[in-house]
Amino acid sequence: MKILILGAGGQVGTDLRPLLLARGATLHCFDIKDAPAGLQDGVAWSQGDITDKAAVEGLVGDVQPDVIYHLAAMLSATGELNPQAAYRVNMEGTYNVLECARERNVSQVMFASTIAVFGPGLESPVPDDVPLLPATMYGVTKVAGELLGTYYHRKYGVDFRGVRFPGLINAGIPGGGTTDYALYMFVDGIQKGAYECFVGPESTVPMMYMADGLRAMVELSEAPRSSLTRCIYNIGAVSPTAAEFADAVRARVPGVKLTFKADPKRQAILDSWPAAVDDTCARSDWGWKHQFDLDAMSDDLVEKIRAM
Ligand code: VAH
């Protein structure tokens with residue numbers, strides 16, 4: 001199975017690489033960044049810009065992947081600092097990927113969507129099909145990406161599939177998201193002994209351990225198309241408050257200093273998202289089930305960060 005990962009150097013792509021290799025995939029990676037040190041043996045890496053259609057077209061033509069994982073995007077917080085750049089990267093990038101998949105008969109495109117497609121005032125847990133009125137350019141581009149991919153599936157037969165990721169937490173380098181506070185509590189809490197959280201203690205959004213998120217994408221990719229009733233799925237796991245995350249860190253990192261000082265801009269982004277998602281469709285169509293609750297995530301994360 002030849003797999004092309006677009007955005008392979010990001011928070012998700014970095015952890016997805018070893019997982020796909022372990023499943024026997026031949027990987028080709030593409031990112032705006034150069035290949036990282038310690039890139040796994042046998043993994044090809046191309047540096048380039050997802051908005052450069054000729055570059056993406058040439059790469060897809062050379063690699064002829066069976067599956068494309070399209071992870072390249074500017075996330076919510078970074079995107080709000082430069083909405084025009086976020087539009088170009090996220091929208092033109094996704095259009096380029098879908099056009100290349102159509103022209104080169106790539107059998108499957110996996111799309112990283114997000115709970116950021118939801119706007120304020122929705123019921124919680126929020127189901128898959130609700131009015132999508134996001135408050136960020138990131139969310140707008142992901143709604144459009146979902147719709148564009150679904151159109152390419154129906155009109156051209158591109159096997160387009162995706163999950164709406166909650167905030168993903170791992171022992172890695174976050175990518176400019178609004179949910180990164182939870183990751184920093186662990187990483188900075190252990191490495192620096194302190195962290196000032198940029199949202200208030202009662203802030204609550206859907207969160208997920210990276211291992212669950214990656215498994216969700218791979219399981220959806222491998223599910224029979226006949227079992228799927230939609231292209232894009234909500235997936236859920238846990239919804240701890242920021243204070244509950246802090247307590248989980250304090251219980252495992254004696255003496256850590258965790259404080260809260262809300263940044264109005266990122267607080268407003270976070271407050272526009274629902275507290276929880278309804279992932280009934282994913283559970284019934286392709287057997288989705290999260291495995292990591294807050295305690296299991298915290299235990300695994302602390303161990304991994306201490307080993308970094
Ligand atoms: C962000 N981590 O904060 C991403 C995520 C749920 C939001 O897509 O932008």
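Let's start in the sheet: Ile5 has Tyr69 as its bridge partner in β4. Keep in mind that this is a predicted model.

**Around strand β4**

Ile5's own neighbourhood is easy to place, since strand β1 covers residues 2-6 and pairs with β4 in the parallel sense, over 4 bridges. β4 also pairs with β5, again in the parallel sense and over 4 bridges. On that side, His70 stands opposite Phe111 in β5. So where do the β4 side chains go, one way or the other? Val67 and Tyr69 point one way from the strand, while Ile68 and His70 point the other way. All four of these residues are buried. Put together, Tyr69 is a buried residue with Ile5 as its bridge partner, and His70 is a buried residue sitting opposite Phe111.

**Loops with some backbone quirks**

Now for the loops. Just ahead of β4 (67-70) is the loop that follows α2 (53-63), and Gln64 lies in it. Gln64 isn't a glycine, yet its phi is positive, at about 50 degrees. Gln64 is also exposed, with a relative accessible area of 54%.

Asn105 tells a similar story in the loop between α4 (83-103) and β5. Here too phi is positive in a residue other than glycine, near 50 degrees. Asn105 counts as exposed, because its relative accessibility is 67% and the cut-off for exposed is over 50%.

Here are the two side by side:

| Residue | Phi | Relative accessible area |
|---|---|---|
| Gln64 | about 50 degrees | 54% |
| Asn105 | near 50 degrees | 67% |

Which peptide bond is cis? That's the one from Ser124 to Pro125, with omega near 5 degrees. Pro125 belongs to the loop that runs between β5 (108-114) and α5 (137-156).

One more loop residue to look at is Gly287, found between α10 (280-286) and α11 (294-307). Gly287 is partly exposed, with a relative accessible area of 48%. Gly287 and Thr259 are 28 residues apart along the chain, and their C-alpha atoms are separated by 39 Å.

**How α6 meets α8**

Over to the helices. α6 takes in residues 180-191 and α8 residues 242-252; they pack at an angle of about 15 degrees, with axes 10 Å apart. That angle makes α6 roughly parallel to α8, because anything under 35 degrees counts as roughly parallel. The crossing of the two helices is right-handed.

Which residues make the contact? From α6 come Tyr181, Ala182, Met185 and Phe186, and from α8 come Ala242, Phe245, Ala246 and Val249. By type, the contact of α6 with α8 has 8 nonpolar residues, no polar ones and no charged ones.

**Gly189, also in α6**

Gly189 is found in helix α6 as well. Is Gly189 buried or exposed? Gly189 is buried, because its relative accessible area is 1%, and buried means under 20%. Leaving aside neighbours within four places in sequence, Gly189 is in contact with Tyr184, Ala194, Val253 and Val256. For a sense of distance, Gly189 and Asp271 are 82 residues apart in sequence, and 24 Å apart in space from C-alpha to C-alpha.

How values were computed. Residues numbered from 1 in each chain as written. Predicted model: local features only at pLDDT ≥ 70, side-chain atom pairs only at ≥ 80, totals over all residues. Heavy atoms only, no water. Axes fitted to C-alpha atoms, helices over the stretch in contact; angles between N-to-C directions. Parallel < 35°, antiparallel > 145°, perpendicular 65-115°, else oblique. Left-handed = near helix turned anticlockwise from the far one by under 90°. Contact = heavy atoms within 4.5 Å. Nonpolar A, V, L, I, M, F, W, Y, C, P; charged D, E, K, R; others polar. Buried < 20%, exposed > 50% of the residue type's maximum accessible area, 1.4 Å probe, protein only. Pairing = 2+ DSSP bridges.
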